[in-house]
Amino acid sequence: MRRLGRAALGAPVALADLIVRNYSLFFLLVALIVVSTFAGVTGQWLFYRAAYVIGGLLLLCLAWARMHVRGLDVTAERTTERLQVGQVTETRLRLRNRSIFTKLWLEVEDETDMPGRSATTVMTLPAKNVRNWKILTRCRRRGLYTAGPVKITTGDPFGLFRFTRRFGDSQPVLVLPRPEELPYFTVPPAQLPGEGAVHKRTHYVTPNASGVREYYPGDSYNRVHWKSTARLGRLMVKTFEMDPTSNVWVVLDLHRDVQAGQDDESTEEYGVRIATSLLYRFFQSNRMFGLLMDAEEREVLEPSRGEHQYMRALERLAVARATGQTPLADLLEEEGRRFGRHSSVIIVTPSLEEDWVSPLSLLQQQGARMAVVLLEAGSFGGAEADRAPLQALAAGSVPVYEVRAGYDLSLALGPAGMLSGAGAEQYRHTAALAGAR
């Protein structure tokens with residue numbers, strides 16, 4: 001009984017779906033039923049001929065549509081599977097008609113779930129011929145997407161039947177966030193030799209070569225700079241500066257309950273942009289940097305140098321979503337053991353809750369140097385919060401940068417974006433010295 005009920009219910013649903021999708025076919029079927037009924041009742045030749053014409057038209061259009069969707073070969077060549085926001089991905093499609101009939105009105109669509117409209121075109125493909133089509137798609141938003149398969153849709157001249165075939169498989173496309181230059185941002189120096197704006201020469205070998213000098217007896221041969229030696233005709237050795245060996249941590253708050261805004265104008269997206277830009281600055285400066293965030297899973301990227309480390313961080317930020325269930329206060333308490341005198345920690349958060357101020361103070365007592373980038377949730381459409389915790393941080397030794405919706409990050413993460421307070425004045429002075437140097 002249950003199966004009969006479902007079948008009885010399915011017939012009206014299918015009929016309603018047919019009416020919505022194709023009015024012409026529905027009315028022709030109704031007309032065929034009506035004239036066939038009249039032909040059987042009255043026996044008039046006119047109704048019989050009308051039924052033959054309508055039925056023949058339906059069969060002819062069905063055969064036309066099915067013939068057009070067959071005998072096709074489609075190949076897709078995609079240039080890359082990893083891009084950055086703002087870049088353009090290129091797809092080259094090659095359509096081959098193996099049939100002896102010309103394919104008219106082929107609707108070609110490269111299916112993708114990337115933001116924006118799918119690339120679609122309509123073309124005619126002569127018999128035994130080949131057509132090429134190049135698709136350029138701009139990557140508008142970070143994330144993991146799929147490209148393909150290629151969908152070919154065709155039909156008959158009256159639009160009664162439409163058939164679709166898909167060619168190829170879907171391929172993943174990873175769109176990485178794009179960094180922005182932060183020329184005025186100053187990293188809070190950790191309590192280690194060589195930190196800060198002043199660079200000092202050292203007789204130790206460090207990753208930071210600062211110049212060359214003449215060879216002195218006792219210098220190691222692995223310090224010889226052979227290009228300068230060949231150019232000057234005498235032995236020259238490299239000199240080094242003290243290495244800023246502290247670890248720089250970027251902590252991104254992705255707790256879902258403190259986020260505000262939507263799409264590109266959201267605290268989630270601004271937070272990822274800021275974290276990406278900070279990591280890019282440390283990568284350019286050859287610093288050791290790490291990433292900590294709690295989204296669907298806890299992501300901990302231990303500090304390291306180099307392009308490989310930077311790309312690993314971008315891959316994690318590309319798919320990061322503000323779905324975390326761990327508040328910032330708990331995150332700092334659980335992971336605080338990673339920070340010490342060797343660490344500079346930059347927290348990016350839209351939260352103004354007092355709970356995370358205490359763990360921050362405890363980390364300072366352990367010797368870690370802190371900075372906070374606050375995403376002002378009210379400017380993103382969120383609720384206004386008490387700013388007392390923020391003023392307490394700004395009045396102390398923690399530099400606090402405030403970023404609002406629509407702000408230029410290169411200016412917001414600099415002296416112009418700092419809140420007032422003793423710490424802000426100190427870091428403005430440091431940034432000015434660094435700029436003068």
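**Packing around helix H5, and the spaces in the fold**

With a relative accessibility of 6%, Tyr310 counts as buried, a label given to residues under 20% relative accessible area, whereas exposed means over 50% and partly exposed the range in between (1.4 Å probe, protein chains only). The structure is a predicted model, in which local features need pLDDT of at least 70 and side-chain atom pairs count only at pLDDT 80 or more, while totals for chains, interfaces and linings use all residues. Residues are numbered from 1 along each chain as its sequence is written, and side-chain values use heavy atoms, with hydrogens and water left out.

Tyr310 makes a good starting point for the aromatic pairs. Rings of Phe, Tyr and Trp (its six-membered ring) are paired if their centres lie within 6.5 Å; planes under 30 degrees apart are stacked, over 60 edge-to-face, and the rest tilted. By this rule there are eight aromatic pairs. In one of them, Tyr280 and Tyr310 have ring centres 5.8 Å apart and planes at 45°, so the pair is tilted. Because Tyr280 belongs to helix H5 and Tyr310 to helix H6 (residues 306-318), this pair ties together parts that are 30 residues apart in sequence; helices (H or I, at least four residues) and strands (E, at least two) are DSSP runs, numbered from the N terminus. Phe283 and Tyr310 form a stacked pair, with 4.9 Å from centre to centre and 5° between the planes. Here too helix H5, through Phe283, is linked to helix H6, through Tyr310, across 27 residues. Phe283 is partly exposed, at 27% relative accessibility. Ring pairs thus join Tyr280, Phe283 and Tyr310 into a cluster.

Another residue of helix H5 (residues 267-284) is Thr276, which is buried with a relative accessible area of 0%. Leaving aside neighbours within four places in sequence, Thr276 is in contact (heavy atoms within 4.5 Å) with Pro177, Arg178, Pro179, Tyr310, Leu314 and Leu317.

Attention now turns to the nonpolar cores, which are sets of buried Ala, Val, Leu, Ile, Met, Phe, Trp, Tyr and Cys residues joined through side-chain atoms within 4.5 Å. The largest has 42 residues, of which Phe185, Ile274, Leu278, Phe282 and Val403 touch the most other members. Helix H5 gives the most to this core, with seven residues. A second, separate core of 21 residues includes Ala329, Phe339, Met370 and Val400.

Cavities and pockets were sought on a 1 Å grid over the protein atoms alone: a cavity is a set of points where a 1.4 Å probe fits but cannot get out, a pocket is an open set with protein on both sides within 12 Å along at least five of seven lines, and lining residues have an atom within 4 Å of a point. Grid points are joined across faces, edges and corners, and a volume is the space filled by probe spheres set on the points. Two cavities of 30 Å³ or more are found in the whole structure. The largest has a volume of about 130 Å³. Its lining comprises 14 residues, with Thr89, Thr91, Asp110, Thr137 and Ala147 the closest to the centre. Strands E3 (88-97), E4 (103-112) and E6 (130-138) each supply at least two residues of this lining.

The second largest cavity holds about 60 Å³ of space, and among the residues lining this cavity are Asp253, His255, Ala329 and Trp356. The second largest pocket has a volume of about 230 Å³; its lining includes Pro177 and Arg178.
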